[in-house]
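Me: Could you take a close look at one aromatic part of this model for me? I would like to see how the rings sit and what lies around them.

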Amino acid sequence: MRRRTLLMLPAVAAALAACSEGSTVSEKKPPKGTRRVTYGADPAQYGELTQPSGEPRGVAVLVHGGFWKPEYGIEYATPMVPSLVAAGWATWAIEYRRGTGASDTLDDVRAAIDACPVDADVVVGIGHSAGGHLVTWAAGHGGLTHVISQAGVLDLAAAYDEGLGGGAVEAFLGHPPGPDDADVDPIRQVPLDVPVWCVHGTADDNVPISQSRSYVAAARQAGATAELVEVEGDHFVLVDPDSDAWATTLAHLRSLA
């Protein structure tokens with residue numbers, strides 16, 4: 001399988017692996033033809049809309065990851081946009097508040113999905129890592145017809161126990177996860193009314209594949225439609241547009257619309 005590290009992602013990969021609090025990601029301009037649309041007054045409350053030349057197959061809502069930390073932003077999702085647009089998808093990549101509390105982040109993700117400027121019968125939420133958590137959580141609140149979780153953090157209690165992201169779950173929630181956090185923990189939200197497709201690298205050291213395996217098992221036991229797709233590679237191969245893992249995701253999208 002081909003493996004190429006994204007030109008813009010080495011700093012992200014190193015920072016996430018080391019859980020460095022002070023690192024930042026270099027800015028990257030959005031693809032040509034992209035339009036920024038705000039959905040709130042905060043500087044982080046906006047989305048980037050990129051449309052195909054013809055009638056779109058549907059809308060792909062991209063939710064970036066970064067362990068819910070403020071140093072990781074929308075540029076994390078930018079590399080996937082050109083291939084999605086080339087495949088005929090209107091692409092709505094969203095930014096949201098990070099580091100100001102779970103309530104702000106979750107409210108923004110829901111508001112951004114509701115504010116998508118394109119109406120479509122098929123609206124697929126695609127989220128990587130913490131973005132997988134956010135998009136799967138959001139699917140329980142309407143607006144999405146399908147979910148693709150890429151190495152998603154789908155079991156917050158297990159992620160906390162394993163210390164993922166250097167204490168990222170506790171920082172996100174403001175406390176260790178407990179019974180009162182069931183409504184923000186995807187594995188405790190099953191069953192969802194929309195199908196969830198979990199793609200995960202078998203060599204992922206940032207978010208272990210057990211996160212997706214456990215979620216899919218719980219979702220199926222609850223009667224939901226969920227599928228696990230295990231691919232070769234690490235945490236970041238899933239967001240490499242030149243990888244076989246991303247080609248697998250594009251093939252799945254073709255089957256949806």
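Reply: Phe172 is buried, with a relative accessible area of 5%; buried here means under 20% relative accessible area, exposed over 50%, and partly exposed in between, with a 1.4 Å probe and protein chains only. This is a predicted model, in which local features need pLDDT of at least 70 and side-chain atom pairs count only at pLDDT 80 or more, while totals for chains, interfaces and linings use all residues. Residues are numbered from 1 along each chain as its sequence is written, and side-chain values use heavy atoms, with hydrogens and water left out.

Now to the rings themselves. The structure holds two aromatic pairs. Rings of Phe, Tyr and Trp (its six-membered ring) pair if their centres lie within 6.5 Å; planes under 30 degrees apart count as stacked, over 60 as edge-to-face and the rest as tilted. One pair joins Phe67 to Trp68 and is tilted, with 6.5 Å centre to centre and 55° between the planes. Both of these residues, Phe67 and Trp68, are buried. The pair of Trp68 and Phe172 is stacked, at 4.6 Å centre to centre and 15° between the planes. That pair links distant parts of the chain: Trp68 sits in the loop between β3 (59-63) and α2 (81-86), Phe172 in helix α6 (residues 168-173), and 104 residues separate them. Helices (H or I, at least four residues) and strands (E, at least two) are DSSP runs, numbered from the N terminus. Trp68 counts as buried because its relative accessibility is 4%. Taken together, Phe67, Trp68 and Phe172 form one aromatic cluster.

The cluster also brings us to a pocket. Trp68 and Phe172 are among the residues closest to the centre of the second largest pocket, along with Lys69, Gly99 and Ala171, out of 17 that line the pocket. Its volume is about 170 Å³. On a 1 Å grid over the protein atoms alone, a pocket is an open set of points with protein on both sides within 12 Å along at least five of seven lines, whereas a cavity is a set of points where a 1.4 Å probe fits but cannot get out; lining residues have an atom within 4 Å of a point. Grid points are joined across faces, edges and corners, and a volume is the space filled by probe spheres set on the points. Helix α6 gives the largest share of this pocket's lining, three residues, and α3 (102-114) and α6 each supply at least two. By type, the lining divides into seven nonpolar, seven polar and three charged residues. Here Ala, Val, Leu, Ile, Met, Phe, Trp, Tyr, Cys and Pro count as nonpolar, Asp, Glu, Lys and Arg as charged, and the others, Gly among them, as polar.

Trp68 has one more role to look at, in the largest nonpolar core. A nonpolar core is a set of buried Ala, Val, Leu, Ile, Met, Phe, Trp, Tyr and Cys residues joined through side-chain atoms within 4.5 Å. Of the 49 residues in the largest one, Trp68 is among those that touch the most other members, together with Val59, Val61, Trp92, Leu144 and Tyr215. The elements that give two or more residues to this core are β3, β4 (90-94), α3, α4 (130-139), α5 (156-161), α6, β7 (196-201) and α7 (210-221). Its largest share, six residues, comes from α4.
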